[in-house]
Amino acid sequence: MIDIEIVRKNPDKIREMLVARNMQTELVDQFLAVDEDWRKLTSQLDEARALQNKLSSEKKIEEAKKNKEIIKDKESEIAQIEGRRYELILEFPNIPFGDVLKGKDESENKSIKTVGDIPKFDFEPKDHLDIGEALDIIDTKTASQVSGSRFAYLKKQGALLEFALIQYALNLLVKEGFEAVVPPVMIKPDVYKKMGRLSENQKEERFYLEKDDVYLVGSAEHTMGPLGMDKVFKEEDLPKRYVGFSTCFRREAGSYGKDVKGILRVHQFDKVEMYSFSHPEKSEEEHMFLLSMQEKIWGGLDIPYRVVEICTGDMGPTDARQFDIEAWVPSQKTYREVASCSNTTDYQTRGIGAKIKVGDKNQYVHALNATGIVIGRTIIAILENNQQEDGSVLIPKALQKYTGFEIIENSFGTN
RNA sequence: GGAAGGUUGGCAGAGUGGUCUAACGCGCCGCACUUGAAAUGCGGUAUCCCGGAAACGGGAUCGGAGGUUCGAAUCCUCCACCUUCCGCCA
């Protein structure tokens, strides 16, 4: 969550920020009004309690009985306002760094680096679903009957490719010193809110299990961040880098068009994720490190990609700065997002209470998250970029030791 | 899912209704003594909220949430977690 102090002392800066993010600014005044009431009531309650402590120690029992009623009234009044105040503060997104690219939406993001040559085909390249169905490694038809639209079976070499990708990314990152973790995929609402991932807008995107009052995570990030919950890090602990693997669940409400086809945008996918806690003064450096890890991963796959700087209007709500990696998708003749890399500064750590002692004062550490490798979209990129005229697909060299095969051909029912 | 025991400050650990602004100890920080160190002595040593430029003042917190009481670490209820046992399961 955002620092309440900044909203109080610098509301104009916050309004500016909301405008830059294409959000409504009345949130600021709504919050300030509630906060004002809350503060007034809080000091009234504190006074009443101070009096109660005094009366009680002086054994003025009758007076204390009367005063107790006043305390009770104030408490119930405050409870309401406090709840409202908390809900409102959760709606504020993080404040972008001052030098973040200004822009209203996706169209104003800026490509800052392009790597690899776009493949030229001397035949008409097919899209990933056509390739995957012909090879019998992707099955969305059965999945839609079993689970509904936007689910898929990965089969045969497709399934094996998933495990190879996971091994590839995991090994690479563990070698770099990341600590491996398999986090829970269910999360309690209050922790989800603390992570800044359950604002009113975001609720639509989540799967919720009512009976147990838990949400399914949209990313391993969501339960990896809480590894730092209520923790005070020592300077020498940082940066603390985790690499996690989890299935991710997303409603993908409101998407349409090309993206409904195949496995580009599905309700369930697996992902390797980096999460890092950094000294507050070194998070920009750490951000670049995580981006370099992503480039190492994508560079190793020999798939053309570009690095994109995300503008203020398109950035995630928790982010102070964001980059995406986009891989070339031949059937769409464009680059599509396959990874993102975010510095959330103290936005999530304030919520979960992850701190470091600097001098004699506690300060929030910074947290960063970055995609390690995402299964569906990476498989799309491999199938489409590495397809051959006969319908077979070549496996990138770096993956071959994990797949055990170099090519996916139609093998009529066997692995 | 069932049963029993537990959860107190950085650690260890006392405390079963007011003397708790939480004992004693260890650790840590500062000062004194010392050529230096050890030992010793003295003082300090949690987090959060509100007000304040600050000094400071007030409030909250003994796993969490409610309750009883003028007053709760202490009594009651529910929940979470830990330990052990039973059941079930991969």
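# Loops, helix packing and an RNA surface

Pro239 sits in the loop between strand 8 (232-233) and strand 9 (240-249). Strands here are DSSP E runs of at least two residues, helices are H or I runs of at least four, and both are numbered from the N terminus. The bond between Leu238 and Pro239 is a cis peptide bond, with omega about -5°.

The model is predicted: local features need pLDDT of at least 70, side-chain atom pairs count only at pLDDT 80 or more, and totals for chains, interfaces and linings use all residues. Residues are numbered from 1 along each chain as its sequence is written, chains are lettered from A and ligands numbered from 1 in the order written, and side-chain values use heavy atoms, without hydrogens and water.

A second loop joins helix 6 (140-147) to strand 3 (153-154), and Arg150 is found there. Arg150 is not a glycine, yet its phi is positive, near 65°.

## The RNA surface

Which residues come nearest to RNA strand B? They are Arg8, Arg39, Asp46, Ala64 and Lys65, out of 18 residues around the strand. A residue counts as near if one of its heavy atoms lies within 4 Å. Of the RNA strand B atoms within 4 Å of the protein, 80% belong to sugar and phosphate.

Helix 3 supplies the largest share of this surface, 9 residues. Helix 3, helix 4 and strand 14 (355-358) each give at least two. The surface near RNA strand B holds 4 nonpolar, 5 polar and 9 charged residues. Here Ala, Val, Leu, Ile, Met, Phe, Trp, Tyr, Cys and Pro are nonpolar, Asp, Glu, Lys and Arg are charged, and the others, Gly among them, are polar.

The table lists side-chain polar contacts, pairs of N or O atoms within 3.5 Å.

| Side chain | Partner on RNA strand B | Distance |
|---|---|---|
| Asp46 | sugar or linking oxygen | 2.8 Å |
| Gln52 | sugar or linking oxygen | 3.2 Å |
| Lys65 | phosphate oxygen | 3.5 Å |

## Helix 3 against helix 4

Helix 3 (residues 26-57) and helix 4 (residues 61-90) have axes that come within 8 Å and cross at roughly 155°. Axes are lines fitted to C-alpha atoms over the stretch in contact, and angles run from 0 to 180 degrees between N-to-C directions. The crossing angle makes helix 3 roughly antiparallel to helix 4. Angles under 35 degrees count as roughly parallel, over 145 as roughly antiparallel, 65 to 115 as roughly perpendicular, and the rest as oblique.

The crossing of helix 3 and helix 4 is left-handed. That word applies if the near helix is turned anticlockwise from the far one by less than a right angle, and right-handed if clockwise. The contact of helix 3 with helix 4 has 15 nonpolar, 5 polar and 11 charged residues.

## Helix 7 and its partners

Helix 7 (residues 156-175) packs on helix 11 (residues 283-300) at about 140°, with the axes 11 Å apart. The two helices are therefore oblique to each other. Their crossing is right-handed. Tyr168, Ala169, Leu172 and Leu173 of helix 7 meet Met293, Lys296, Ile297 and Gly300 of helix 11, where contact means heavy atoms within 4.5 Å. These residues divide into 6 nonpolar, 1 polar and 1 charged.

How does helix 13 (residues 375-385) meet helix 7, and at what angle? Their axes come within 10 Å and cross at roughly 110°. That makes helix 7 roughly perpendicular to helix 13. This crossing is right-handed. Helix 7 contributes Gly158, Leu161, Glu162, Leu165 and Ile166, and helix 13 contributes Ile375, Thr378, Ile379 and Ile382. The contact of helix 7 with helix 13 has 6 nonpolar, 2 polar and 1 charged residues.

Definitions and conventions
Polar contact = N/O pair within 3.5 Å; in protein donor to acceptor, adjacent residues only side chain to side chain.
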